[in-house]
Amino acid sequence: MDYVAATLLAASGALLANVRRPLAGADWSEPPLLWVGNVGSPSSSKSPAMDGVFRPLRRIEDCMAAEFQQELSLYEMERVAAEARHAAWEAEVRAATTGDGPSPPMPESAVIPEEPERPRLQVADATVEKLGALSAALPRGLLLVRDELAGWFGAFDKYGGGGSDRAFAIEMYGGRSYTVDRMKSRKPLCIRHLSIGVIGGIQPDKLADVIDGPDDGLTSRFLWVFPDALPRFKLAREAADDSAAQDALERLSNLSMGSDAHGNPEPVIVRLSRSAEDVLEQFGQTMATRSHEACGALASALGKARGHALRLAAILEFTWWAWECDSEPTVISEQAVGAACRLLEEYFIPMAERVYGDAAIPVPERNARTLARYLKQGKLREFNARALQRVIGGPLRDADAVKAACAALIEAGLIREQFSRSGATPGKKAHNYEVNPAVYQGGH
């Protein structure tokens with residue numbers, strides 16, 4: 001359920017990204033979008049859990065795009081007509097250059113229209129250039145969905161971006177204006193508010209590679225979800241009714257944007273109540289103290305906590321409204337800010353401590369923990385290293401990794417060697433081990 005709830009928060013945040021924006025104090029505002037990392041093994045059902053939220057989102061997208069084909073047909077007609085007028089104008093200019101008359105100005109009707117973008121709420125594997133184009137065409141905001149976050153991190157500047165891809169990703173979190181100068185066009189791509197939420201899964205053994213990257217604040221922007229695996233499986237015998245969830249998400253997607261004096265789309269600002277500001281200020285001070293006392297990636301994560309609290313408060317306030325069907329909130333309440341702060345203190349910060357602590361553990365010790373958990377779950381009294389290597393897989397698929405993990409557990413007194421050789425023929429001894437009952441009786 002952790003994965004489902006976190007995905008719901010991320011989806012709701014993306015629907016609100018550039019539509020509503022919380023304001024605290026004189027001028028502190030954040031887009032209410034989230035970056036969420038669901039941590040778990042390949043068999044922990046991260047993707048099915050996330051898909052439980054994405055299904056109603058896809059249906060909402062289909063409704064939003066119901067008239068897109070008609071809009072696309074209209075665009076094609078206007079494009080062909082504009083191209084014909086543009087060609088006629090070019091002919092007039094060429095004729096004018098051969099005579100003594102002035103060249104006629106290009107009529108507005110000869111300007112080639114921009115191709116419309118199909119309405120969408122989420123996007124999967126898109127390049128930075130495509131994300132920029134989508135953000136410019138779809139001003140409400142987007143949710144980037146990656147089944148494997150490690151692949152997203154690993155793809156930064158894979159095609160020679162020179163650091164710009166990672167910088168663009170960081171800008172996606174801030175919701176500020178962003179301009180892209182493109183080589184293929186003299187016209188820059190102007191994005192009024194670059195707001196893209198991110199959600200995806202990642203395996204525990206890949207955390208270190210992601211977190212050990214440059215300390216530019218990219219990973220500290222994530223809210224991590226790393227629940228204990230539940231060793232059970234049960235089929236759903238009846239299809240769940242998610243109509244209430246779809247109705248609530250649809251209410252969020254139907255919120256209208258505001259506009260500036262020139263008619264450009266802008267988020268509607270929603271202030272925190274005075275008492276809500278007091279709660280947020282106290283929480284921010286607590287996090288500042290904890291961040292000062294911490295170090296490394298955890299310190300950066302704690303430093304981002306007050307911003308996460310402001311974002312979460314807006315998401316909770318409007319998600320409650322979407323479910324309860326009351327009148328739209330005009331302020332962010334003390335209740336919402338308090339709930340957001342508790343959610344961070346009691347859940348997301350402990351999860352961050354687990355993620356950053358797990359990533360800091362040396363690989364052999366991390367593998368030894370994986371092996372110990374497997375032995376504990378199976379209550380094994382003995383095992384063969386080679387057979388176990390095939391069963392567990394992952395990082396323990398490698399023989400040297402299994403050997404190092406076994407050595408660590410031997411040193412800890414949790415297993416001991418029982419090497420033997422079958423028969424009287426010479427050959428390698430079977431790497432069998434006896435398991436100390438303390439492994440599955442205690443808290444190892």
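**Exercise 1. How many of the seven residues of β8 are buried?**

Solution. The model is predicted: local features need pLDDT of at least 70 and side-chain atom pairs count only at pLDDT 80 or more, while totals for chains, interfaces and linings use all residues. Residues are numbered from 1 along each chain as its sequence is written, and side-chain values use heavy atoms, with hydrogens and water left out.

Step 1. Buried means under 20% relative accessible area, exposed over 50%, and partly exposed in between, with a 1.4 Å probe and protein chains only. Strands are DSSP runs of E with at least two residues, helices are runs of H or I with at least four, and both are numbered from the N terminus.

Step 2. Seven of the seven residues of β8 are buried, and the strand is mostly covered.

Step 3. Ile196, Val198, Gly200 and Ile202 point one way from β8, whereas Gly197, Ile199 and Gly201 point the other way. In a regular strand, side chains alternate between the two faces of the sheet.

**Exercise 2. Place β8 in its sheet and list bridge partners.**

Solution. Step 1. Two strands pair if DSSP finds at least two bridges between them. The open sheet of five strands has the order β4-β5-β8-β3-β9, with parallel pairing. Its edge strands, β4 (122–123) and β9 (222–225), each pair on one side only.

Step 2. β3 (residues 35–39) and β8 (residues 196–202) are parallel and share five bridges. Across this pair, Trp35 is opposite Val198, and Gly37 has Gly200 as its bridge partner.

Step 3. β5 and β8 also run parallel, joined by five bridges. Here Leu143 has Gly197 in β8 as its bridge partner.

Step 4. Contact means heavy atoms within 4.5 Å. Axes are lines fitted to C-alpha atoms, for helices over the stretch in contact, and angles run from 0 to 180 degrees between N-to-C directions. Helix α2 (residues 46–64) lies across β3, β4, β5 (142–146) and β8, at about 150° to β8.

Step 5. Ser45 sits in the loop between β3 and α2. Its phi is positive, near 65°, in a residue other than glycine. Ser45 counts as partly exposed because its relative accessibility is 42%.

**Exercise 3. Describe the sheet that contains β12, and the surroundings of Ser333.**

Solution. Step 1. Four strands form an open sheet of mixed pairing in the order β2-β1-β12-β13. β2 (28–29) and β13 (331–332) are at the edges with a single partner strand each, so one side of each has no neighbour in the sheet.

Step 2. Helix α9 (residues 274–293) packs on this sheet and touches β1 (20–24), β2, β12 and β13; its direction is at about 75° to that of β12.

Step 3. β12 (residues 268–272) pairs with β13 in the parallel sense over two bridges, and Leu272 stands opposite Ile332.

Step 4. Ser333 is in the loop between β13 and α12 (334–360). With 18% relative accessibility, Ser333 counts as buried. Neighbours within four places in sequence aside, its contacts are Ser273, Ala276 and Glu317.

**Exercise 4. Which residues have the most contacts inside the largest nonpolar core?**

Solution. Step 1. A nonpolar core is a set of buried Ala, Val, Leu, Ile, Met, Phe, Trp, Tyr and Cys residues joined through side-chain atoms within 4.5 Å. The largest has 55 residues, and Leu252 and Ile332 have the most contacts inside it. Helix α11 (residues 305–324) supplies the largest share of this core, 11 residues.

Step 2. Not counting residues up to four places away in sequence, Leu252 touches Ser12, Leu15, Leu16, Arg140, Phe318, Thr319, Trp321 and Ala322.

Step 3. Another core of 38 residues lies apart from the largest one and includes Leu131, Leu138, Phe153 and Ala301.

**Exercise 5. Check the spans of α11 and α1 and their burial.**

Solution. Step 1. The expected span of a helix is 1.5 Å times one less than its number of residues. α11, with 20 residues, reaches 28 Å from first to last C-alpha, close to the 28 Å expected. The end C-alpha atoms of α1 (residues 2–16) are 21 Å apart, which agrees with the 21 Å that its 15 residues should span.

Step 2. In α11, 16 of the 20 residues are buried, so the helix is largely enclosed by the rest of the structure. In α1, 11 of the 15 residues are buried, among them Tyr3, Leu9 and Leu16.

Step 3. Cys325, which follows α11, has a positive phi near 60°.
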